[in-house]
Amino acid sequence: GAGVLFGLGAAVAFGTYTLMAGRVGQDSAGIQGLALSVGVAALLLSPFSLPVVPKLESADWVAVLISALLGVALAYTLDFLATKLTSPRVVGTLFAVDPAAAAVVGALALDQELSVSAAAGIGLVIASGAAIIWRSGRTATAPPGDVQP
């Protein structure tokens, strides 16, 4: 039902993000392309974030700053550098493993148990994410005339 549609939408969005990160990495000489794309994203999200600003207390700004530095600046810079050093296909495949990493952290750090259906879902997310990225990367990253297996 709706969960499958949301999952497919998330897979398409994440695949697009990965391919576009690789494109920005190839098309720009440095981090300027990343800064521009994060700035555009901030502008697009401002209608949703600006109404909340007056509700923030001073203690909340510390969390916002830490989130901005670690969750945006560092994370996107590392994604950008990874796609620049390897390829969107490799990075996308590694991203597809994120649900398994989260499950391991949940199990070890939070003492959470993983049900069989949750493990199967994680396996499907990993397989579908890897398949989408590898399939997309095969046509998106191949130079003209290059034959890939």
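What span should the 18 residues of helix α2 have at 1.5 Å a residue, and how far apart are its end C-alpha atoms? In this predicted model, helix α2 covers residues 32–49. The expected span is 26 Å. The end C-alpha atoms are 24 Å apart, which agrees. Helix α2 nevertheless carries a kink of about 30 degrees at L43. The kink lies shortly before the proline P47. Buried positions in α2 are G33, L34 and S46.

The protein as a whole has six helices and zero strands. Read along the sequence, the pattern is α-α-α-α-α-α. Of the 149 residues, 19% are buried. The accessible surface comes to about 10300 Å². Carbon and sulfur atoms account for 74% of that surface. Contacts between residues at least 6 apart in sequence were also examined by separation. Among them, 75% join residues at least 24 apart.

Confidence varies along the chain. The average pLDDT is 78, and 85% of the residues score at least 70. Over residues 140–149, the pLDDT is below 50. Beyond near neighbours in sequence, this stretch has nine contacts in the model.

Helix α3 was treated in the manner of α2. Its 28 residues, 58–85, should span 40 Å at 1.5 Å a residue. The end C-alpha atoms of α3 are 39 Å apart, in agreement with that figure. A bend of about 25 degrees occurs in α3 at A68. The buried residues of α3 are D79, F80 and T83. W61 also belongs to helix α3. Its relative accessibility is 41%, so W61 counts as partly exposed; the class runs between the 20% limit for buried and the 50% limit for exposed. Leaving aside residues up to four places away in sequence, W61 touches V53 and L56.

Helix α4 comprises residues 88–96. Its buried residues are P88, R89, V91, G92, F95 and A96. Viewed down the axis of α4, these buried residues fall within an arc of 165 degrees, so they line one face of the helix.

A96 of α4 is also a contact of A130. A130 itself lies in helix α6, residues 116–140. Not counting residues up to four places away in sequence, A130 touches both T93 and A96. The C-alpha atoms of A130 and L94 are separated by 8.1 Å. Along the chain, A130 and L94 are 36 residues apart. Relative accessibility at A130 is 18%, under the 20% cut-off, and A130 therefore counts as buried.

The loop between α5 (98–109) and α6 contains D111. Most residues other than glycine have a negative phi. At D111, phi is near 55 degrees, a positive value in a residue other than glycine. The relative accessible area of D111 is 67%, over the 50% cut-off, so D111 is exposed.

Notes. Residues numbered from 1 in each chain as written. Predicted model: local features only at pLDDT ≥ 70, side-chain atom pairs only at ≥ 80, totals over all residues. Heavy atoms only, no water. pLDDT = per-residue confidence, 0-100. Contact = heavy atoms within 4.5 Å. Helix = DSSP H or I, 4+ residues; strand = E, 2+ residues; numbered from the N terminus. Expected span 1.5 Å × (residues − 1). Bend = angle between axes of the 7 residues up to and from the residue. Buried < 20%, exposed > 50% of the residue type's maximum accessible area, 1.4 Å probe, protein only. Areas by Shrake-Rupley, 256 points an atom, 1.4 Å probe, with all protein chains shown as cover. Arc of directions from axis to C-beta.
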